Structure formats: structure tokens, C-alpha cells
Amino acid sequence: MEMIKLIVLPTALTLFVLFLYFITKIIKLRKLNLPKGNLGLPVIGETLEFFKASLEGKQIRFIQERMKKYDSRVFKTSMFGENIAVFCGTAGNKYLFSNENKNVQLWWPSSVKRLLRLSLVSEVGDEAKITRKLLMSFLNPETLRNYLPKMDWITQQHINTHWKGKEQVVVYEITQIYTFQMACCLFLSMEDPIQLSNLLSYFEEFLKGVIGFSINFPGTRFHKAMKAADAIKKEIKLIMKKRKVDLEEKKASPAQDLLSHLLVTPDTSGRFMSEAEILDNMLLLLFAGHDTSKSVISLIMKYLGNMPEVYEQVLKEQLEISQGKKEGELLQWEDVQKMKYSWNVVSEVLRLSPPVGGGYRNAMKDFSYASYNIPIDWKLHWNPQTTHMDPTLFTNLENFDASRYEGEGPIPYSYAPFGGGPRMCLGQEFARLEILVFMHNIVKRFKWDLVNPDEKFKYDPMLEPEKGLPIQLHPSH
Ligand code: HEM
């Protein structure tokens, strides 16, 4: 009896306190003028509707229906157990991008923060500013331009190994090898194919669990991702140990790759990153740059495969660049600056099919927006498609039109595949170079037909082709 009292009483009391907490919270929320919308069922909210639309590649349908029904500026929903205000249009993007550290701060689900605990995405405020500056000192155009010939060389080796001599390839499968190889080579100077393929298998495990429920129990995706992260970090730690010695003995150069750069470069306060911080940031950059780039490259292969006239114009531009070079000479910075039409094509692909479906922020305090109250700790979402798919911002918006980016291009805050403001994508220039170098080499060497010209792409969590995008290859002579 005593035992029962000991267990039942505290449990009942806890449940009662929780009940009171939720009731007061609901009463408090009811008094506020919240954005219109539907919070759905407790905890689940509208998660299932959002998932369904994502898996059909139609997140924008979920959003546009609610913009029409409630308010085209902002509406409320609830997903993954969080109350969310979705900020729409150029005004919504502008608000979230320009109020970082004032009313809002970057927010990621706890799975990301737990797996990348000491990295940039877990930091806000001045701490984030310092880390961004340090990482950017490697990822900026002035530094990356020196790595262009190396990028071209890696791409040629990749095509020789994985594309040459094949009649059919599954694009999504081999581009993941490409983007991983490129990142490992530039970040860690890792080139051994066996070591790369071992690390890639851990990395795939990591990617499956990084965005999702952070339940750390044997068998869950998150648990496997934790184990994979440990294995990857162990491998990078070994490379780091040897590199420190090599740098001291002048056998390695400080400009060799990102790892050397981080080991020898202090941040703006004069502090060097600790080993654990380097490991987590390295994992972050591999993660942030991997799914995104392989998604974009697959999309480009699809659009070019379906639009021979655009393919021909890209090929013309790339052949003109090659004709101005000596036999076997690798691409240089000046060559990439001439790839204007090709980049406009990529930009239009990123408008029509942004691989990243936006980002999240946390409300740092109660504030009002578009005459509604936004409560502290609500999550705020921006999605590039609320502007990319607005006919008042992009005329004939369903049409593929690379000329939109000529001259002044889209108006501010309307075009946002890489986000905006102080938390804008850090790898934009890296992605631009990687994608253009790939396009240069692939159009010069192949034409292709899509096995399923209507193959759909779904968000999971980045855009990916449902069947991996198999294509029939025809080598150019
Ligand atoms: C075309 C390919 C890519 C696209 C479309 C893309 C898109 C994005 C977007 C939309 C964000 C902002 C999320 C937000 O506002 O919450 C972001 C952040 C980020 N991206 Fe990318 N990305 C790409 C490639 C890359 C690459 C190649 C790297 C690394 C080399 C990278 C590293 C990062 C990092 C570190 C952040 C976090 C920045 C911060 O929190 O301050 N991205 N990316």
C-alpha cells in the first residue's frame, strides 16, 4: 500500500501540474491575436498533411492552400509537436532574414543540434558570427578559386570511373559518390577510393537520422546516426593527428585543404578551434553540402534531358570555353566566370525546384507581425517557393526561362534558394563551382535520354528523384 502511495501520488501530482500548465498556455494563446490557421491535433498537428505534400514534391501546395484560406502574409500551423508561423512572400523572407538576433534566431530540430553539437548550426549570436567568418575564410570565392583546377581534375576522374563506357547510369546514385569525393578531397585531402567508400557508407547512415525524431534507442535512425557520426569523427581524428605532425614538419601546406586551414587559422578573437569543434564543423559541411549538391545535379540532368534546346546552348557555351584552352589544360577561375548562361540555367532550376524547402527560426520574444501576435518560442518557417511560385514576382512562372537572371534579375527577397541574411548558405560559392565544373565536363562528353521523362522528385528532406533518375548515355565524339 505504501509502495502504491509512493508511486501513484507523485505521478498524479505531475500529471495535474502538466494539465494546469497546458490549460494556462491554451488560455493565454486564446487571448492573443495569433495568425489564422489550424494547429490540428495535439502533438501531431498538421505533420501528416505536410509529409504527404512533401513526398509528392508539392510542399508549395500545402502552403498555397493555407495562404489562400487564411492570410497570404502569414499563417499558423503545428508540426513535429511545435507551433509554427509560416512567413510568406518577399515581406516574410525580408522579416526573417533581417531580424536575426533581434526578434528571431536560427532554429534546427534537436536531432541536428545533438548530432552537430559543437558546430555552427548549434550556435547563435556573436558565437555564430565568429564561426561563420572563420569557415567563410576558406569557402569564399578568393580562396576557392585556387582549388578550381583540382575540382576539374576530380570531376574528370569521376566521369572516367563512373560514367565512361556505360550505356545507362542512375544519376542520383553516382552523383552522391561525386559530391562526397569532391568534399572529402577539398576538405580533408582524402583520395583513397576504399577509405572514401567506407566513410560514405557511415555517412549515408548519418544522413538518414540527422533530420527526424531524436530518440536515442538501439535500432532507431537517430541511434544509428549517432554511431555513424562517432565512426566518421574517429576517422577524421586520425587524419587530423597526422596532419598536425605534417604541418609542424612542413610536410603539409597550410593551404592544402579545409582541415589544414582550420588548424592554422585563428578566429577574429585570436582563438583556434578545438579538435572537437573542427570535427563537428567538418561533419556539418559534409552534411550541408552533400544532399543539396547531389539533388541539384540530378535536377540539372533532368531539366537538360527534357530540354534539348537548353542543352545545346549550354554545350555551345562550354565548347567555346574549351576552344580557348590548350589540350588537357584544367579549368581556371576566368573560365568559370564565362559560364554565364549555364549559371542562369542552374538558377532557373533552383527557382522551379529548390532542393532545400526553406528553414526555421525561433521567436526570441513576443512580437507582432502583419498585425498578428507571434509568441515567444514559436517556430517560424520560410519557404523559397512562397516567392518562387508567385506570378506577381515571376511572369509565366511555370515556364523555364533562363533569361530572368540577366540584367538586374529578380527583385530583392523574391529569389531565395540559398536563403538570405546572416544565416544564408555558407557553401553557395562552393556549390556554384562544383555544379558548373560538373556541367562543363558532362555536356562535353555526353548527351542523354531520361528513362522516365516524367520522373517526379520528392522532398525527403531534400528534393530527390523517386527512382534515382536512370538515364541512357550517348557519348559525344
Ligand atoms: C545548391 C546547393 C545548396 C543549396 C540550395 C543550399 C541551401 C541552403 C539554405 C537554403 C540554407 C539556409 C537555411 C536557413 O536559412 O535556415 C543553407 C545553409 C547552409 N549551407 Fe547550404 N546549400 C547548398 C550547398 C551547400 C554546400 C555545398 C555547403 C558546404 C560546403 C553548404 C553549407 C551550408 C551551411 C554550413 C549552412 C548553415 C549556415 C548557418 O547556419 O549560418 N551548403 N544552405
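Two strands count as paired if DSSP finds at least two bridges between them, a criterion used in the first of these close-up views of a predicted model.

**View 1. Strand 12 between its two partners in a three-stranded sheet.** Strand 9 (residues 446-450) and strand 12 (residues 470-475) are joined in the antiparallel sense over five bridges, and within this pairing leucine 450 stands opposite isoleucine 471 of strand 12. Strand 4 (residues 168-170) likewise runs antiparallel to strand 12, over three bridges, with glutamine 168 facing glutamine 472 and valine 169 standing opposite isoleucine 471. The resulting open sheet has the order 4-12-9, with antiparallel pairing. Strand 4 and strand 9 form its edges, each pairing on one side only, and neighbouring strands are turned by 35 degrees against each other on average, direction ignored.

**View 2. Helices lying across the sheet.** Helix 13 (residues 275-306) lies across strand 9 and strand 12, and its direction makes an angle of about 85 degrees with strand 9. Helix 18 (428-445) also lies across strand 9 and strand 12, running at about 85 degrees to strand 9.

**View 3. The protein donor to the ligand iron.** The iron atom of the ligand has a single donor from the protein, the SG atom of Cys425, at 2.3 Å. Cysteine 425 belongs to the loop between helix 17 (385-388) and helix 18.

**View 4. Packing of helix 9 against helix 10.** Helix 9 (residues 171-188) packs on helix 10 at an angle of about 110 degrees, with the two axes 11 Å apart; because angles of 65 to 115 degrees count as roughly perpendicular, helix 9 is described as roughly perpendicular to helix 10. The crossing is right-handed, and the contact involves Gln176, Ile177, Phe180, Gln181 and Cys184 of helix 9 together with Leu196, Leu199, Leu200, Phe203 and Glu204 of helix 10. By residue class, this contact of helix 9 with helix 10 divides into seven nonpolar, two polar and one charged.

**View 5. Packing of helix 10 against helix 11.** The axes of helix 10 (residues 193-210) and helix 11 (residues 221-248) come within 7 Å and cross at roughly 145 degrees, in a left-handed crossing. Among the residues of helix 10 in this contact are Leu199, Tyr202, Phe203 and Phe206, while those of helix 11 include Phe222, Ala225, Ala228, Ile232 and Ile239. Charged residues also take part, including Glu205 and Lys208 from helix 10 and Arg221, Lys224 and Glu235 from helix 11. The contact of helix 10 with helix 11 comprises twelve nonpolar, two polar and five charged residues.

Definitions and conventions. Residues are numbered from 1 along each chain as its sequence is written. This is a predicted model: local features need pLDDT of at least 70, side-chain atom pairs count only at pLDDT 80 or more; totals for chains, interfaces and linings use all residues. Side-chain values use heavy atoms; hydrogens and water are left out. Axes are lines fitted to C-alpha atoms, for helices over the stretch in contact, and angles run from 0 to 180 degrees between N-to-C directions. Helices (H or I, at least four residues) and strands (E, at least two) are DSSP runs, numbered from the N terminus. A crossing is left-handed if the near helix is turned anticlockwise from the far one by less than a right angle, and right-handed if clockwise. Contact means heavy atoms within 4.5 Å. Angles under 35 degrees count as roughly parallel, over 145 as roughly antiparallel, 65 to 115 as roughly perpendicular and the rest as oblique. Donors are N, O and S atoms within 2.8 Å of the metal (3.2 Å for Na, K and Ca); water is not among the atoms, so sites may look incomplete.
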